[in-house]
Amino acid sequence: MSDAQEAPAAPPKLPAAYAPFLPVLEQLSEPMLRILQGQLAQFERMARILEAPDLAEHGDFEGYGGLSQRGDLGQIVQSELLLRTEEPLEFLRRLAESETLYHEKRYADPGVRPAYRVMISIGPGSLGHGRMVALAALFFLARIAHGRKAQLHWCFLPRPEGVVWFDALTPETVRRLLRAASFREMSLDDVEAATALWSDLAKGRAKAGRRLDPVDWTVGARREGAAASVAGGALSFRLGPPSPDGPRAAEVALRQGGRERSRASVSFPDDRVCVSALNDPFRPLAPSQVAGLPALRRELVGWEPRYFTTPERRLAIVRLDDGLLILRFGDKLTLAGCWFAALPPDAVLAGVRVNYSMLTLLTRSRRSGSDRMALGRFLLDSDRRFPPIVRSQAVATEHLFAKQSPYAIPPIFETPEIRFYSTSGHAFELGPYRSDHDLGFGPLYKAPQIVGVSGLYHIVRDDAGGGALLRVLKPGSGLVDSFREGVDPVALSRLYGLTYSRSDRSLAYSLAPNRWTLPASLGPRPGVVEERALDLTVTRDENLLSARPHRGGLAVRVWSDLRAGGAGVVRSFRREADGEIVQKQPNVKLGDDAAHIVKLELGEEGILALTVTAEGTPAELLILRHNKRTGRTGTTRFDLPALRDTAKEIDVSALDG
């Protein structure tokens with residue numbers, strides 16, 4: 001037996017034309033890349049048919065095409081010039097009788113920009129091996145669109161929840177394609193509905209004086225009644241049966257202009273490679289980045305802040321597994337004070353407030369077979385030997401906090417009565433202290449429902465007196481802003497995000513994944529000529545941090561979450577009135593922390609972010625400051641477990657009495 005070891009296989013090499021898509025392709029697993037390498041090489045044989053641009057009689061010069069018997073002397077083919085040297089009389093005769101051959105000039109309409117609309121069937125014929133053919137076809141058409149400087153828009157159909165158009169190839173959108181499935185193939189009716197929606201979305205996005213010219217392509221299995229079998233532009237395929245004599249193959253047909261133009265055969269490697277590619281289509285991130293992190297999924301956020309909140313400029317409250325860590329900052333982000341309050345076992349945090357040197361906590365617990373609400377006031381400064389003030393009342397409140405997140409930090413408000421909200425957003429009030437030590441607990445049936453908290457502001461939905469309004473309240477100051485609710489009511493049961501900026505006087509909320517609404521303000525705002533609701537769509541990996549109207553468009557800041565396939569940066573850009581995206585500021589890179597960040601928000605001191613450990617417990621609070629002059633980002637770190645061990649203990653055990 002030979003001791004020589006077999007050399008590892010070289011990494012798959014894709015055709016050079018796919019270089020623009022390397023950021024996505026490099027994240028695919030080796031088995032998936034191996035399959036794409038072979039299939040894209042076969043698709044490239046059909047590229048010449050699709051690369052020819054649409055021509056016009058006049059416009060931008062595209063080059064030379066076929067032959068013509070009309071043209072300028074500078075366009076004469078070389079063989080005619082050779083005839084002039086060898087047989088000058090024959091050359092003159094051909095010239096006089098218009099038999100001379102010229103190169104034909106080609107032009108493209110400068111007022112038209114092509115837009116490739118690719119619709120992929122996710123029916124039964126596109127499962128398993130078929131899905132890999134569909135993915136290869138998508139990359140192939142994206143490469144053609146890029147070569148023609150055309151926009152790419154694509155979707156997969158049929159989708160009962162409604163069509164979602166993507167305008168880029170990202171790891172997350174590819175992942176969604178690989179996971180999607182339907183019991184039937186995409187039909188022409190599905191195609192018609194999808195293109196109609198695209199046309200509505202595309203209105204106003206094209207630059208002034210330049211229109212979008214859609215080029216439609218369908219991709220799917222060649223089956224009776226399927227759109228890919230009859231559409232004018234299609235890449236349809238038919239899988240061959242498994243063969244014991246060789247690799248499994250699929251026949252791909254290219255239809256253009258309603259007729260078949262070309263065919264190609266694509267083959268698959270061993271089934272073990274195909275199964276591996278489908279089970280693990282993406283290569284894992286580095287273990288140092290994402291070891292043990294839970295899978296990210298888009299979920300409803302509720303109204304309660306999670307992980308940390310900043311009720312004052314230089315104050316942060318962080319929720320740990322066993323209690324609350326209170327951090328007060330000084331100049332240059334130095335730590336001026338640190339306190340820890342260990343919550344009673346099995347207690348639910350119903351509200352918290354820090355006011356100067358006083359901590360107010362409201363908890364719900366179950367003792368002796370009954371629910372009990374307890375309100376306590378505790379001094380942060382342990383040098384003052386004042387006993388805590390605690391009141392409690394037995395009241396059935398388990399249902400009020402049934403679905404609360406374990407890292408929720410719900411604030412309470414004093415007006416001067418103490419008001420708190422259930423997890424579902426309904427208001428309750430605690431009356432004046434009574435001699436029997438009861439809290440005076442009672443519901444506020446007519447009070448507006450809370451829908452969000454942003455720093456020291458809270459946002460309520462007020463539908464009294466007609467159309468619903470979103471009102472921004474500040475404790476101690478009352479109403480500071482009002483916005484007119486959009487077409488769909490803002491409900492916690494469908495709220496995916498909400499953000500408010502007092503400096504910009506701008507509010508944004510999301511009632512569907514990746515889609516945000518900026519409601520019209522009832523008060524004048526600087527730089528806003530006409531108050532009207534605006535819509536914004538972000539990608540799956542982007543979390544909106546702020547958005548405000550800006551010269552007819554929007555000024556936007558997003559966090560591109562690495563865990564969702566993003567770049568791990570904070571990005572600022574403008575979306576102009578015509579839909580064009582303009583980015584002049586560099587991205588703020590989150591570095592090695594990007595894969596561990598579970599929450600990120602904008603603060604007055606900079607960008608605040610919280611990272612978690614491999615087990616999902618809070619690890620560090622980060623404050624990032626970007627220096628525009630040097631282009632560098634400085635990070636101040638606060639080790640939460642270490643601070644918890646060295647913090648001043650606040651004894652709140654009286655809440656458990």
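**Note on the predicted model**

1. Start with one register. Leu469 has Arg484 as its bridge partner in E24. The strands concerned are E23 (residues 469–474) and E24 (residues 478–484), which pair in the antiparallel sense over 6 bridges. They form a hairpin with 3 residues between the strands. Gly476 takes a positive phi near 90° in this hairpin. The model is predicted, so read every value here as computed from predicted coordinates.

2. Arg484 has a second partner. In E28, Ala520 is the bridge partner of Arg484. Strand E28 (residues 520–521) runs antiparallel to E24, and 2 bridges join them. E24 therefore has E23 as one pairing partner and E28 as another.

3. Overall make-up. The chain has 657 residues, and 47% of them are buried. It contains 12 helices and 39 strands. Among contacts with a separation of 6 or more, 54% link residues 24 or more positions apart. The exposed area is about 33400 Å². Carbon and sulfur atoms supply 50% of that area.

4. The five-stranded sheet. What is its strand order? The order is E9-E10-E11-E12-E39, in an open sheet with mixed pairing. Strand E9 (308–312) and E39 are the edge strands, each pairing on one side only. Neighbouring strands are turned by 25° against each other on average, direction ignored.

5. Inside that sheet, antiparallel part. E10 (residues 315–319) pairs with E11 in the antiparallel sense over 5 bridges. Val318 stands opposite Leu325 in E11. E11 (residues 323–329) then pairs with E12 (residues 335–342), again antiparallel, over 7 bridges. Here Leu327 has Cys338 in E12 as its bridge partner. E11 and E12 form a hairpin with 5 residues between them. In the turn, Lys332 has a positive phi of about 55°.

6. Inside that sheet, parallel part. E12 and E39 (residues 648–650) pair in the parallel sense over 3 bridges. Phe340 stands opposite Glu649 in E39. E12 thus has an antiparallel pairing with E11 and a parallel one with E39.

7. The four-stranded sheet. This one is also open, with the order E25-E26-E27-E29 and antiparallel pairing. Its edge strands are E25 (497–501) and E29 (534–537), each pairing on one side only. The average turn between neighbouring strands is 20°, direction ignored. E25 and E26 (residues 506–512) pair over 5 bridges in the antiparallel sense. Tyr500 has Leu507 in E26 as its bridge partner.

8. The main core. Nonpolar side chains tend to be buried together in soluble globular proteins. In this model the largest nonpolar core has 56 residues. Phe43, Phe139, Phe140, Trp154 and Leu235 have the most contacts inside the core. Helix H6 (residues 129–147) gives the largest share of the core, with 13 residues.

9. Leu235 in detail. Which residues does Leu235 touch, not counting residues up to four places away in sequence? The aromatic contacts include Phe43, Phe140 and Trp217. Met46, Ala137, Leu141, Thr218, Val219 and Gly220 are also touched. Val252, Ala253 and Leu254 complete the list.

10. A helix pair. Two packed helices are described by the angle between their axes and the distance between the axes. For H4 (residues 78–86) and H5 (residues 88–96), the axes come within 5 Å and cross at roughly 130°. H4 and H5 are therefore oblique to each other. Residues of H4 in the contact are Glu80, Leu83, Arg84, Thr85 and Glu86. They meet Pro88, Glu90, Phe91 and Arg94 of H5.

11. A loop residue. Leu590 lies in the loop between strand E34 (588–589) and strand E35 (597–603). Is Leu590 buried or exposed? Its relative accessible area is 5%, so Leu590 counts as buried. Leaving aside neighbours within four places in sequence, Leu590 contacts Trp559, Gly568, Val569, Val570, Ile597, Leu600 and Leu624. One of these, Gly568, is 22 residues from Leu590 in sequence. The C-alpha atoms of Leu590 and Gly568 are 5.7 Å apart in space.

Terms used
Residues are numbered from 1 along each chain as its sequence is written. This is a predicted model: local features need pLDDT of at least 70, side-chain atom pairs count only at pLDDT 80 or more; totals for chains, interfaces and linings use all residues. Side-chain values use heavy atoms; hydrogens and water are left out. Buried means under 20% relative accessible area, exposed over 50%, partly exposed in between (1.4 Å probe, protein chains only). Contact means heavy atoms within 4.5 Å. Accessible areas come from the Shrake-Rupley method with a 1.4 Å probe; for residues, only the protein chains shown count as cover. Axes are lines fitted to C-alpha atoms, for helices over the stretch in contact, and angles run from 0 to 180 degrees between N-to-C directions. A nonpolar core is a set of buried Ala, Val, Leu, Ile, Met, Phe, Trp, Tyr and Cys residues joined through side-chain atoms within 4.5 Å. Angles under 35 degrees count as roughly parallel, over 145 as roughly antiparallel, 65 to 115 as roughly perpendicular and the rest as oblique.
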